[in-house]
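The questions below go through one structure, and each answer works towards the value or name asked for.

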Amino acid sequence: MIPKFENYLNEASDYEFNPNEAAARLKAREKENIQRYRAAQDRGDNYAIELYELKIKMDKIDLEGLKVQTAIHQLKQKNGK
């Protein structure tokens with residue numbers, strides 16, 4: 001199941017944001033996608049190569065988004081929000 005985009009940006013009230021844990025999950029996902037990309041290259045599977053290139057790009061975007069989300073979280077904590 002793919003989470004809704006709004007859920008990625010907005011923290012739920014019952015969700016405790018943990019940037020280290022989120023970064024570890026994203027980096028693990030990126031590592032897995034890189035391995036799958038290399039396997040697709042070995043097989044010569046052009047569809048999978050393109051698919052994993054796109055997934056790796058999305059991993060990088062998500063890691064950058066996490067940096068912004070972390071800054072927002074820190075700002076909220078600093079201001080008691």
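Q: What span should the 33 residues of helix H3 cover, and how far apart are its end C-alpha atoms?
A: In this predicted model, helix H3 runs over residues 46-78. At 1.5 Å a residue its 33 residues should span 48 Å, and the expected value agrees with the distance between the end C-alpha atoms, which is 48 Å.

Q: Which residue caps the N-terminal end of H3?
A: The cap can be recognised from a side-chain oxygen that lies 3.3 Å from the backbone nitrogen of Tyr-47, within the 3.5 Å allowed for a polar contact. The residue that supplies this oxygen at the N-terminal end of H3 is Asp-45.

Q: Which residue with a positive phi follows H3?
A: After H3 comes a residue whose phi is near 65 degrees, a positive value. That residue is Gly-80.

Q: How many helices and how many strands does the protein have, and what pattern does it follow along the sequence?
A: The protein holds three helices, and the number of strands is zero. Read along the sequence, the pattern is therefore written with helices alone, as α-α-α.

Q: Is Thr-70 of helix H3 buried or exposed?
A: Thr-70 lies in helix H3 and has a relative accessible area of 15%. Because the cut-off for burial is under 20%, this value places Thr-70 in the class called buried.

Q: Which residue offers its backbone oxygen to the side chain of Thr-70, and at what distance?
A: Leaving aside neighbours within four places in sequence, Thr-70 is in contact with Phe-17 and Pro-19. The backbone oxygen in question lies close enough to a polar atom of the Thr-70 side chain to fall within the 3.5 Å limit for a polar contact. It belongs to Leu-66, at 2.8 Å.

Q: Which helices are linked by the salt bridge between Asp-62 and Arg-29?
A: The closest N and O atoms of Asp-62 and Arg-29 are 2.5 Å apart, and the two residues form a salt bridge. The pair links distant parts of the chain, 33 residues apart, with Asp-62 in helix H3 and Arg-29 in helix H2, residues 19-43. The helices linked are thus H3 and H2.

Q: How do Asp-62 and Arg-29 stand in exposure, buried or partly exposed?
A: Asp-62 has a relative accessible area of 14%, which is under 20% and so counts as buried. Arg-29 reaches 33%, a value between the cut-offs of 20% and 50%. Asp-62 is therefore buried, whereas Arg-29 is partly exposed.

Q: What separates the C-alpha atoms of Lys-60 and Glu-30?
A: Glu-30 forms a salt bridge with Lys-60, the closest N and O atoms being 2.9 Å apart. This pair also links distant parts of the chain, with Glu-30 in helix H2 and Lys-60 in helix H3. Glu-30 counts as buried at 13% relative accessibility, while Lys-60 is partly exposed at 46%. Although the two residues are 30 residues apart along the chain, their C-alpha atoms are separated by 7.9 Å.

Q: Why are Arg-36 and Glu-32 separated by about one helical turn?
A: The side chains of Arg-36 and Glu-32 meet in a salt bridge, with an N to O distance of 3.0 Å. An α-helix has 3.6 residues a turn, so residues three or four places apart point the same way. Arg-36 and Glu-32 are separated by about one helical turn because, within helix H2, they are four residues apart.

Q: Which residues do salt bridges with shared partners join into one network?
A: Arg-36 is partly exposed at 39% relative accessibility, and Glu-32 is partly exposed at 37%. Salt bridges that share partners build one network, and its members are Arg-29, Asp-59 and Asp-62.

Q: Over which residues does pLDDT stay under 50?
A: The protein averages a pLDDT of 85, and 81% of the residues score at least 70. Where pLDDT is low, the predicted coordinates should not be read in detail. For the stretch in question the model has four contacts beyond four places in sequence, and the stretch with pLDDT under 50 is residues 1-9.

Definitions and conventions. Residues are numbered from 1 along each chain as its sequence is written. This is a predicted model: local features need pLDDT of at least 70, side-chain atom pairs count only at pLDDT 80 or more; totals for chains, interfaces and linings use all residues. Side-chain values use heavy atoms; hydrogens and water are left out. Helices (H or I, at least four residues) and strands (E, at least two) are DSSP runs, numbered from the N terminus. The expected span of a helix is 1.5 Å times one less than its number of residues. A polar contact is a pair of N or O atoms within 3.5 Å; within protein, one must be able to donate a hydrogen and the other to accept it, and residues adjacent in sequence count only if both atoms are side-chain atoms. Buried means under 20% relative accessible area, exposed over 50%, partly exposed in between (1.4 Å probe, protein chains only). Contact means heavy atoms within 4.5 Å. pLDDT is the predictor's confidence in each residue, from 0 to 100. A salt bridge is a side-chain nitrogen of Lys or Arg within 4 Å of a carboxyl oxygen of Asp or Glu.
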